[in-house]
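Welcome! Here is a short set of exercises with worked solutions to help you find your way around. Take a look at the sequence and the model, then work through the steps.

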Amino acid sequence: MAIRIILEKCTGCSLCIKTCPFGAIKIQDKKAIIDLSKCNLCGACVDSCKFGAILIEKTTLTKVNLNEYCGIWVFAEQKKSLIQPVVWELLAKARELAEKINTEVSAVLLGFKIKEKAKELIYRGADKVYVVDDESLVNFLDEPYTNILINLIQKYKPEIFLCGATSIGRALISRVAVKLYTGLTADCTGLDIDLEKRILLQTRPAFGGNIMATIITPFHRPQMATVRHKVFASSKEDRTRKGQIIEESIDGILLKGRTKILEIIEEIGSTVNLSEADIIVSGGRGVGSKENFKILEDLAKVLNAGVGASRAAVDNGWMPYSHQVGQTGKTVSPKIYIACGISGQIQHLVGMQSSKIIVAINKDPDAPIFKIATYGVVGDLFEIVPALTKKFKGVL
Amino acid sequence: MNIIVCIKQVPETTEVKINPETNTLIREGIKSIINPFDMYAIEEAVRIKEKYGAKTTVITMGPPQAEEALREAIAMGIDEAILITDRSLAGSDTWATSYTLSKAILKLGSFDIILCGKQASDGDTAQVGPGISAHLDIPQVTYVKKIKEITEKSCFVERMTEEGYEVILVSLPCLFTVVKEINEPRLPSLRGLLKAKQTNILKWSAKDLNLDETKIGLKGSPTQVIKIFTPPSRCGGVIFKGETEEVVEKLFSVLKKEIP
């Protein structure tokens with residue numbers, strides 16, 4: 001048993017009951033009792049108890065010499081030799097964290113004929129860039145990328161490793177963290193340092209954003225996290241920044257893998273990648289048809305925005321699944337999310353409620369979307385959206 | 001061919017609400033369901049069985065009540081089910097969970113394809129699938145939207161990316177995490193429901209799996225949750241009313257300032 005009440009210390013004050021997010025504690029005979037089938041061992045009650053009466057037995061043995069690890073690393077994801085915008089956000093955050101613990105920021109860049117791009121990472125805040133350049137790394141493949149990162153991490157021992165929560169990042173870093181036997185926190189929206197312990201505090205949403213959790217990796221290194229797009233500001237380019245570019249040569253055996261890309265098909269064409277979009281114009285059942293989505297696409301074009309869709313719109317075949325926002329689609333957090341004809345089912349809201357500004361256009365004044373919208377318009381989207389497009393066309 | 005599906009029982013998150021007075025999740029009356037993404041993994045396993053012939057096994061790790069989720073999978077057409085349940089596994093993070101599941105898969109013997117949902121709707125990490133393949137040291141393809149063809153030693157799949165998709169050839173055995181686009185899960189048949197009632201669900205404990213005790217549950221988990229809190233709730237803002245021209249003007253003036 002990993003959690004227990006020290007009966008001599010418990011006063012039955014019931015403070016712990018109020019803090020338990022899982023409703024796992026009750027008071028019986030003036031003592032707290034934990035229902036282990038409900039308890040998730042999150043430890044919220046331990047902190048709340050003023051009498052030190054709740055004990056979680058955690059491992060304190062550490063096999064890893066934590067002091068051997070230093071520096072913050074950022075995975076510089078590239079596609080078609082273009083460094084992805086989320087990397088600038090990671091570099092900005094990494095710099096901020098590095099100042100706090102007085103260490104340096106490094107980026108790791110894998111690709112083919114990619115060396116030239118390394119200095120962009122220095123301009124944006126990296127002190128060092130480790131580059132592995134090989135023909136077989138031109139596109140992301142789970143195994144070679146994993147092998148190389150493990151090799152470099154074991155060689156240089158960074159204390160923190162950050163990566164974008166992209167489809168590549170989530171697949172790659174999960175594999176790396178397991179192989180290294182270290183902790184990984186997915187999809188972080190907040191990162192900070194506990195200065196006293198020199199530990200990374202990783203905050204992320206769970207239960208579709210209904211609760212937030214702060215997570216640490218106390219005894220394993222590196223402390224790894226993937227970071228959600230658009231949550232942190234990008235670092236600015238400074239072409240006078242200096243840094244070191246280190247070319248790594250890699251044993252050919254690490255480049256081998258059991259998957260092979262036969263073809264790459266781009267579907268979104270000229271439209272904007274949803275997770276990287278600053279603005280998203282999204283449509284739901286109220287849009288009514290595939291043809292009507294054209295109205296939203298026109299607005300999106302003027303605003304340089306991505307086009308999103310609710311599950312209803314996708315299930316009706318009006319938009320491809322790759323545009324779906326929500327629980328069974330994508331989670332996005334743009335600066336502006338314009339929801340047109342979307343009623344605001346919770347499954348949709350969990351995919352977009354971290355957007356900075358939410359605009360709702362809906363003819364039903366009771367639509368739940370208005371409860372979370374920064375700006376709401378009760379009205380006909382077929383009139384409002386084209387008028388808005390026209391208005392922006394005049395200035396943008 | 002042996003196909004293994006790993007699933008998770010989750011609260012039906014649409015109903016998860018927080019009691020503002022006590023700051024606790026209101027769990028009463030909340031149904032448990034199979035993680036929505038795992039439904040696609042189950043369906044895909046059944047389709048592969050129907051097309052190529054295969055033995056399908058579903059595995060979950062969780063409290064005893066997770067048995068319901070396994071029975072539901074059997075009702076959809078899965079052949080066998082295994083429940084890994086043990087108090088010592090409580091508090092497992094994604095590392096410890098994927099370690100435990102990989103040990104159960106090894107105990108089952110040979111396998112060709114492991115299917116998982118893209119992510120679970122409660123934790124949203126998308127880490128356990130790739131974690132299992134890392135523990136087993138087999139190739140993985142995440143975000144699979146189509147299994148095109150399975151041959152004796154390999155498989156052609158389509159992997160969804162931010163920009164479109166990739167056609168990938170992968171050697172077997174391997175692990176796939178699947179997205180919604182891959183299929184439409186069926187409703188259980190009457191015969192399936194009957195079978196689900198009668199099937200004996202195998203239960204394995206930590207001891208049955210010969211797990212390294214230092215690598216399971218809270219103690220074996222590299223990550224620790226130190227705080228749980230409610231995010232500041234969003235409340236409704238300004239509602240613009242009036243004629244189209246008027247509201248568009250108002251909306252335009254507030255948005256103009258925010259456009260990057």
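A residue counts as buried if 20 or more other C-beta atoms lie within 10 Å of its own, as exposed if 12 or fewer do, and as partly exposed in between. Keep in mind that this is a predicted model.

**Exercise 1. A helix in chain B**

Task: Find out whether α1(B) is mostly covered or mostly open, and check its length against the expected span.

Solution:
- Step 1. Apply the burial cut-off to each residue of the helix: 12 of the 17 residues of α1(B) are buried, which leaves the helix mostly covered.
- Step 2. Name the buried residues. Among them are Pro36(B), Phe37(B), Asp38(B), Met39(B) and Tyr40(B). The list also includes Glu43(B), Glu44(B) and Ile48(B).
- Step 3. Work out the length. The expected span is 1.5 Å times one less than the number of residues. For the 17 residues of α1(B), numbered 36-52, the expected span is therefore 24 Å, and the end C-alpha atoms are 25 Å apart, in agreement.
- Step 4. Look just past the helix, where Gly53(B) has a positive phi of about 80°.

**Exercise 2. Chain B as a whole**

Task: Describe the make-up and dimensions of chain B.

Solution:
- Step 1. Count the elements: chain B has 6 helices and 15 strands.
- Step 2. Box it in. Along the principal axes, the C-alpha atoms of chain B fill roughly 70 × 45 × 40 Å.
- Step 3. Turn to burial: 52% of the 260 residues of chain B count as buried.
- Step 4. Consider the contacts in chain B between residues at least 6 apart in sequence; 69% of these join residues at least 24 apart.

**Exercise 3. Two helix pairs**

Task: Decide how α5(A) lies against α6(A), and how α2(B) lies against α5(B).

Two packed helices are described by the angle between their axes and the distance between the axes.

Solution for chain A:
- Step 1. Take the geometry. Helix α5 (residues 142-156) and helix α6 (residues 167-180) of chain A pack at about 50°, and their axes are 9 Å apart.
- Step 2. Classify the angle. α5(A) and α6(A) are therefore oblique to each other.
- Step 3. Add the handedness: α5(A) and α6(A) cross in a right-handed way.
- Step 4. See who takes part. α5(A) contributes residues including Tyr145(A), Leu149(A) and Ile153(A), while those from α6(A) include Leu172(A), Arg175(A) and Val176(A).
- Step 5. Sort the contact of α5(A) with α6(A) by class: 8 residues are nonpolar, 1 is polar and 3 are charged.

Solution for chain B:
- Step 1. The axes of α2 (residues 67-75) and α5 (residues 190-198) of chain B come within 7 Å and cross at roughly 140°.
- Step 2. That angle makes α2(B) oblique to α5(B).
- Step 3. The crossing of α2(B) and α5(B) is right-handed.
- Step 4. On the α2(B) side, the contact is made by Arg71(B), Glu72(B), Ile74(B) and Ala75(B); on the α5(B) side, by Gly192(B), Leu193(B), Lys195(B) and Ala196(B).
- Step 5. The residues in the contact of α2(B) with α5(B) divide into 4 nonpolar, 1 polar and 3 charged.

**Exercise 4. A residue in a loop**

Task: Is Val325(A) buried or exposed?

Solution:
- Step 1. Locate the residue: Val325(A) sits in the loop between α8 (311-315) and β20 (336-340) of chain A.
- Step 2. Count its surroundings. Val325(A) has 30 other C-beta atoms within 10 Å, so Val325(A) is buried.
- Step 3. Leaving out residues up to four places away in sequence, list what Val325(A) touches; among these are Ser282(A), Gly308(A), His348(A) and Met352(A).

**Exercise 5. Unusual backbone spots**

Task: Which peptide bonds are cis, and which non-glycine residues have a positive phi?

Solution:
- Step 1. In chain A, the bond from Arg221(A) to Pro222(A) is cis, with omega near -5°. Pro222(A) is in the loop between β14 (211-216) and β15 (223-227).
- Step 2. In chain B, Leu172(B) and Pro173(B) are joined by a cis peptide bond with omega about -5°. Pro173(B) lies in the loop between β11 (164-171) and β12 (174-178).
- Step 3. Lys30(A), not a glycine, has a positive phi of about 60°. With 10 other C-beta atoms within 10 Å, Lys30(A) is exposed.
- Step 4. Tyr181(A) also has a positive phi, near 50°. With 14 other C-beta atoms within 10 Å, Tyr181(A) is partly exposed.

Terms used: Residues are numbered from 1 along each chain as its sequence is written. Chains are lettered from A and ligands numbered from 1 in the order in which they are written. This is a predicted model: local features need pLDDT of at least 70, side-chain atom pairs count only at pLDDT 80 or more; totals for chains, interfaces and linings use all residues. Axes are lines fitted to C-alpha atoms, for helices over the stretch in contact, and angles run from 0 to 180 degrees between N-to-C directions. Helices (H or I, at least four residues) and strands (E, at least two) are DSSP runs, numbered from the N terminus. Angles under 35 degrees count as roughly parallel, over 145 as roughly antiparallel, 65 to 115 as roughly perpendicular and the rest as oblique. A crossing is left-handed if the near helix is turned anticlockwise from the far one by less than a right angle, and right-handed if clockwise. Two residues are in contact if their C-beta atoms, placed from the backbone, lie within 7 Å. Ala, Val, Leu, Ile, Met, Phe, Trp, Tyr, Cys and Pro count as nonpolar, Asp, Glu, Lys and Arg as charged, and the others, Gly among them, as polar.
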